[in-house]
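User: I would like to learn how to read a protein model, starting with its open spaces. Please walk me through one step by step.

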Amino acid sequence: MSTTSSDPLATLGTLPGVTDAVDSVRKAVDRVYGHRVMRRRGIEVTSEAALRGARGSAALSGADWNLEEVRRRTDFTGDSEARVVGAALRLTAEAGQLLSIWRQSPLRVLARLHLVAAGGAAPEDAVGRPRLAGEPVDEPLIEAPLPDADEVAGRLEGLSELILSGSGAPALVTAAVVHGELLALRPFGGYNGLVARTAERIVLIGSGLDPKSICPAEVGHAEQGRAAYVAAFEGYLSGTPEGMAAWIAHCGRAVELGVRESTAVCEALQRGAA
């Protein structure tokens, strides 16, 4: 992402179609936060949203398990799919604990997220740090050209500075850019998609848009499908105003679908069925 504005994120917020996406997301989030169940059983909704978000993120990374299997399992040390689901669950649980650190050092948070995702399944000297020159990357969903290690380091610093400098941009815009940039860079040897979607979650929570973490965008990304996810991401990679707007709108739709999922949870709790 590049722009000459002193607040490039805010500039993205003015792109055609982005304002409508931001307004639509805000209205959807406000509706679910106003649900009567949230006043009495908000913690249960948050817990269920975390589980469903983890399932959705894992599905995009190739482990498309049904929700009840994710809920039932306690051992995620088996095959590669089990490790992906376990990583997604650990990341979702960790996200809310890192908000204060994110505001001070986004790069520390990203390192922590990779450490949590790897969970001992990667060589110790390769965990929690950006990849070095020549190190391979395992991210089968994203086939875009891989930036070299020097470019990764420079762009990560730029992303961190952008976050720390503050912006007048809507939370959706910032979250979409963080998500897209991490997918573009794939800074770690593995679990980059999971880390990128968790970072998006952290921005949405920390911005105040979704402070109770009940609007799992990961659910919406998975529901729109892997092909749509990759196509929208290609818009981000293009760097064009139209491409960036399409990616932001895609992320907005993901949040709205996450809202719909949590609204269904609220309705089920109200009926006493969950």
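Analyst: Happy to! Let's begin at the second largest pocket, which has 17 lining residues, with Trp-102, Ile-163, Thr-174, Val-203 and Ser-207 lying nearest its centre. This is a predicted model, where local features need pLDDT of at least 70, side-chain atom pairs count only at pLDDT 80 or more, and totals for chains, interfaces and linings use all residues. Residues are numbered from 1 along each chain as its sequence is written, and side-chain values use heavy atoms, leaving out hydrogens and water.

User: What makes a space a pocket, and how much space lies in the second largest pocket?

Analyst: On a 1 Å grid over the protein atoms alone, a pocket is an open set of points with protein on both sides within 12 Å along at least five of seven lines; a cavity is a set where a 1.4 Å probe fits but cannot get out, and lining residues have an atom within 4 Å of a point. Points are joined across faces, edges and corners, and the volume is the space filled by probe spheres set on them. Here the second largest pocket holds about 300 Å³.

User: Which elements each supply at least two residues of its lining?

Analyst: They are α6 (99-104), α8 (149-164), α9 (171-185) and α10. Elements are DSSP runs numbered from the N terminus: helices (H or I) have at least four residues, strands (E) at least two. By class, this lining has 11 nonpolar, five polar and one charged residues. (Ala, Val, Leu, Ile, Met, Phe, Trp, Tyr, Cys and Pro count as nonpolar, Asp, Glu, Lys and Arg as charged, and the others, Gly among them, as polar.)

User: How many helices and strands does the chain have?

Analyst: There are 13 helices and zero strands. Read from the N terminus, every entry in the run of elements is therefore an α. The C-alpha atoms fill a box of roughly 55 × 45 × 35 Å along the principal axes.

User: What is the volume of the largest pocket?

Analyst: The largest pocket has a volume of about 550 Å³. It is lined by 29 residues, and the closest to its centre are Val-84, Asp-138, Gly-189, Gly-190 and Tyr-191. Two elements, α5 (80-95) and α10 (192-206), give two or more residues to this lining. The largest share, four residues, comes from α5. Sorted by class, the lining has 14 nonpolar, eight polar and seven charged residues.

User: How many cavities of 30 Å³ or more are there, and which residues line the largest cavity?

Analyst: The count comes to two cavities of that kind. The largest cavity contains about 60 Å³ of space. Among the residues lining this cavity are Glu-200, Arg-201, Leu-204, Ser-213, Cys-215 and Glu-218. Helix α10 gives the most to the lining, with four residues, and both α10 and α11 supply at least two each. The classes are six nonpolar, one polar and four charged.

User: What about the second largest cavity?

Analyst: Its space is about 30 Å³. The residues around the second largest cavity are Ser-57, Ala-88, Leu-91, Thr-92, Leu-194, Thr-198, Arg-201 and Glu-218. Helices α5 and α10 give two or more residues to this lining. Its classes are three nonpolar, three polar and two charged. Look again at Arg-201 and Glu-218, which also appear in the lining of the largest cavity.

User: Now the backbone. Which residues have a positive phi although they are not glycines?

Analyst: Most residues other than glycine have a negative phi. In this chain, Arg-186 has a positive phi of about 40 degrees, and Ser-213 has one of about 55 degrees. Arg-186 is in the loop between α9 and α10, while Ser-213 sits in the loop between α10 and α11 (217-224).

User: Is Arg-186 buried or exposed?

Analyst: Buried means under 20% relative accessible area, exposed over 50%, and partly exposed in between (1.4 Å probe, protein chains only). Arg-186 counts as buried because its relative accessibility is 2%. Ser-213, at 11%, is buried too. Across the 274 residues of the chain, 53% count as buried.

User: Which residues does Arg-90 touch?

Analyst: Contact means heavy atoms within 4.5 Å. Leaving aside residues up to four places away in sequence, Arg-90 touches Val-116, Ala-117, Ala-118 and Gly-119. Arg-90 belongs to helix α5 and is partly exposed, with a relative accessible area of 34%. Arg-90 and Gly-119 are 29 residues apart along the chain, yet 8.6 Å separates their C-alpha atoms. For the chain, 73% of contacts between residues at least 6 apart in sequence join residues at least 24 apart.
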